[in-house]
Amino acid sequence: MSNSLGRHVLAEIYGCSFEILNNREDVEAIMVNAALEAGAEVREVVFHKFSPQGVSGVVVISESHLAIHTWPELGYAAVDVFTCGDQVNPWDACNYLTEQFKAGHMTATEMKRGLVEDPKEAVNL
């Protein structure tokens, strides 16, 4: 029986608001809130605004990370939500982002990460 260590959702979010996707502060706040909506514990946050447009950033969570790169001129955001354990739902974060970016639609794929045939109990080294 296989168990995965984590779930990695790759989301394509289309038809988003230019103004939101081009504003570093807005994207950062929405990404942090998406992590919290999914039940994650936020550890570190780093975002960068590009010229003339676009934002990239990452929210490091205890359970892994959320990452984004935006193309405001296309109304598009590429998002990764990677979570470990069973307490955080990456789909909750993706759905929250879609709503907050005022998106037309989202397509997404989930990958199981760290498929282990015979899982061992983790130990502190």
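**A walk from Cys84 through the sheet and core**

Let's start at Cys84, which is partly exposed because its relative accessible area is 32% (buried is under 20% relative accessible area, exposed over 50%, partly exposed in between, with a 1.4 Å probe and protein chains only). This is a predicted model, where local features need pLDDT of at least 70 and side-chain atom pairs count only at pLDDT 80 or more, while totals for chains, interfaces and linings use all residues. Residues are numbered from 1 along each chain as its sequence is written, and side-chain values use heavy atoms, with hydrogens and water left out.

Cys84 lies in strand 5 (helices, H or I with at least four residues, and strands, E with at least two, are DSSP runs numbered from the N terminus). Leaving out residues up to four places away in sequence, Cys84 touches Leu5, Gly6, Glu63 and Ser64, where contact means heavy atoms within 4.5 Å. Gly6 is also the residue whose bridge partner in strand 5 is Cys84.

The unreviewed UniProt entry groups Cys84 with Ser64 and His69 under "active site". The same kind of record lists Ser64 for "modified residue: Pyruvic acid (Ser)". UniProt positions are given here in the numbering used for this model, feature names are shortened, and annotations may be inferred rather than shown by experiment. Ser64 lies in strand 4, and with residues up to four places away set aside, Ser64 touches Val59, Phe82, Thr83 and Cys84. His69 lies in strand 4 too. With a relative accessibility of 25%, His69 counts as partly exposed. Using the same sequence cut-off of four places, His69 touches Phe50, Val55, Ser56, Tyr76, Ala77 and Ala78.

Now step back to the sheet. It is open, has 6 strands in the order 2-3-4-5-1-6, and pairs antiparallel; two strands pair if DSSP finds at least two bridges between them. At the edges sit strand 2 (42-49) and strand 6 (105-113), each pairing on one side only. Neighbouring strands are turned by 10° against each other on average, direction ignored.

Going through some of the pairs, strand 3 and strand 4 run antiparallel and are joined by 6 bridges, with Ile61 standing opposite Ser64. Helix 2 packs on the sheet, touching strand 2, strand 3 and strand 4, and its direction makes about 155° with that of strand 2. Helix 3 packs on the sheet as well, touching strand 1, strand 4, strand 5 and strand 6, at about 15° to the direction of strand 1. Axes are lines fitted to C-alpha atoms, for helices over the stretch in contact, with angles running from 0 to 180 degrees between N-to-C directions. Strand 1 pairs antiparallel with strand 5 over 8 bridges, and with strand 6 over 9 bridges.

The two helices also meet each other: the axes of helix 2 and helix 3 come within 8 Å and cross at roughly 145°. Ile30, Met31, Asn33, Ala34 and Glu37 in helix 2 meet Asp92, Ala93, Tyr96, Leu97 and Gln100 in helix 3.

Last comes the largest nonpolar core, meaning a set of buried Ala, Val, Leu, Ile, Met, Phe, Trp, Tyr and Cys residues joined through side-chain atoms within 4.5 Å. Of its 30 residues, Ile13, Leu66 and Phe101 touch the most other members. The largest share, 6 residues, comes from helix 2. Neighbours within four places in sequence aside, Phe101 is in contact with Ile13, Cys16, Ser17, Ile20, Leu21, Ile30, Ile68 and Ala77.
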